[in-house]
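Please open the model in your viewer and keep the sequence panel visible. The stops below are given in the order in which to select them.

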Amino acid sequence: MKKHYPVIIVGGGQAGLAISYCLKEKDIDHIIFDKGQVGDSWRLHRWDNFTLVTPNWQCELPGYKYSGDNPKGFMNRDQTYEFVKGYADMFNPPLENGVTVTSVDKVGDIYEVQTSMGDFTSQEVVIASGAFHNPLIPPVAHKLPNTVKNVHSSEYKNASQLPEGGVMIVGSGQSGCQIAEDLHLEGRKVHLCVGNAPKSPRNYRGRDVVEWLDQMGYYEKSIDTFPDPVAVRRKINHYVTGRDGGREIDLRAFALEGMKLYGLFNDVKDGEIHFGNNLKEDLDKADAAAQSIKDRIDEFIATNKIEAPIEEPYVAPWEPESDISSIDIAESGITSVIWCIGFTPNFKWLKLDAFDQTGYPRGHRGVSDIEGLYFLGFPWMHTWGSGRFSGITQDAWYLSEQIAERLLIEQ
Ligand SMILES: Cc1cc2nc3c(=O)[nH]c(=O)nc-3n(C[C@H](O)[C@H](O)[C@H](O)COP(=O)(O)OP(=O)(O)OC[C@H]3O[C@@H](n4cnc5c(N)ncnc54)[C@H](O)[C@@H]3O)c2cc1C
């Protein structure tokens, strides 16, 4: 006989723990399987000087809130790990660590869940296995000479793990910009391939931008209110950092300090790296994105007659003279490349056709159109915070209510 649970949760990161807490509050029997240990995403897959970009006051999980003495600060990697671990310690969830879910299928009304610990059945399955699975390193990486070490952002820890010499960072999203800054501050020669990620101010008119956006109701805005949800979900995160109390990242300022900026990493040929000619355009677009956030804040301040200090407009401190189309790898001294271009999903173990043509779970607010199947922790399931600490609480409570209703109907 396979052991049966009303609910099986795949993944015991913050999302899996959050739904477990809500189910426990409702006395709904369940089990969580996680192939690793609590907080592994934070402990194992972030660099040493990592900090959250979201402020501490936004960090909450059901029944649990940041309670330290620095609500406006930003947790570093170890503090974030402790935060998640502390949550699990607080309510003692029914969690099986070190157990990989190898297959989830549905036969009739029952889910069949195969794991490295044996086979189980359930009425409901919650997929909380995270949105960042396989580190993406593109095929062109293999065209680099073997004197160059390839590393993915999820494996990067610090400068000492890289061979002596210059480092090329590919990707200027949050991870790319923060890792570029980390190595730049370590005194490494950094080469950064810039893409179309937007920039965010950190502080504006006396407050952290997240505080303004919160007051403006942005974090409560549901995905259903946007005319093009697919475009919203595809948007790249703004780059900004929480390091040293939080600051804006200005790639132009880095360039003035000696960081080399290029366009997209396009190809490797005859010992040279070839770039796209997008650098100027993408730096301008990143600044325009930051300016549009400031404009919205200005409008909010004016409409609500809030007293706030005026700020001088941003003046670009550096302009690329012309796009560099290629560099010689040996001459440039580059000995490692860090790929900061994201992840690809891996749901091979989910034997059900649960995704739309964009690869996003079908359904609404995490409730799949396959009855009894749920997704939690994915970006923009309901709001901006759905894939982050700030929105997981309301999403988890919502799913637990849907599950409770269905289990009641089934009884
Ligand atoms: C670089 C980076 C920076 C971020 N910064 C912030 C930030 O500043 N603020 C913020 O709020 N959010 C941030 N996030 C987003 C988000 O908070 C994290 O991605 C968080 O880890 C998501 O939690 P989760 O529980 O959904 O997924 P995860 O933490 O990835 O947990 C999923 C769990 O599922 C398990 N699992 C997966 N597949 C299986 C399987 N088949 N069987 C068993 N177990 C399985 C994994 O072992 C893992 O423990 C950041 C993300 C990244 C990548």
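Start with Asp-27, just after helix α1, where the residue takes a positive phi of about 55°. Keep in mind throughout that this is a predicted model.

Step back from there into α1 itself, residues 14-25. At 1.5 Å a residue, its 12 residues should span 16 Å, and the end C-alpha atoms lie 17 Å apart, which agrees. Now colour the helix by accessibility: 10 of the 12 residues are buried, so α1 is largely enclosed by the rest of the structure. The buried residues run from Gln-14, Ala-15, Gly-16, Leu-17 and Ala-18 on to Ile-19, Ser-20, Tyr-21, Cys-22 and Leu-23.

Next, select residues 265-269 and 272-275, which are strands β16 and β17. The two strands pair in the antiparallel sense over four bridges. To find one of the partners, pick Asp-267 and look across to His-274 in β17. Then move to the turn: two residues separate the strands of this hairpin, and Asp-270 takes a positive phi near 50°.

Continue past β17 to Asn-278, in the loop that leads to α8 (279-303). Is Asn-278 buried or exposed? Its relative accessible area is 11%, under the 20% cut-off, so Asn-278 counts as buried.

Show side chains here. Asn-278 and Asp-282 are joined through their side chains by a polar contact of 2.8 Å. Leaving aside residues up to four places away in sequence, Asn-278 touches Val-194, Gly-195, Gly-263, Leu-264 and Asp-323. Select these five residues together with Asn-278 to end the tour.

Notes. Residues numbered from 1 in each chain as written. Predicted model: local features only at pLDDT ≥ 70, side-chain atom pairs only at ≥ 80, totals over all residues. Heavy atoms only, no water. Expected span 1.5 Å × (residues − 1). Buried < 20%, exposed > 50% of the residue type's maximum accessible area, 1.4 Å probe, protein only. Pairing = 2+ DSSP bridges. Polar contact = N/O pair within 3.5 Å; in protein donor to acceptor, adjacent residues only side chain to side chain. Contact = heavy atoms within 4.5 Å.
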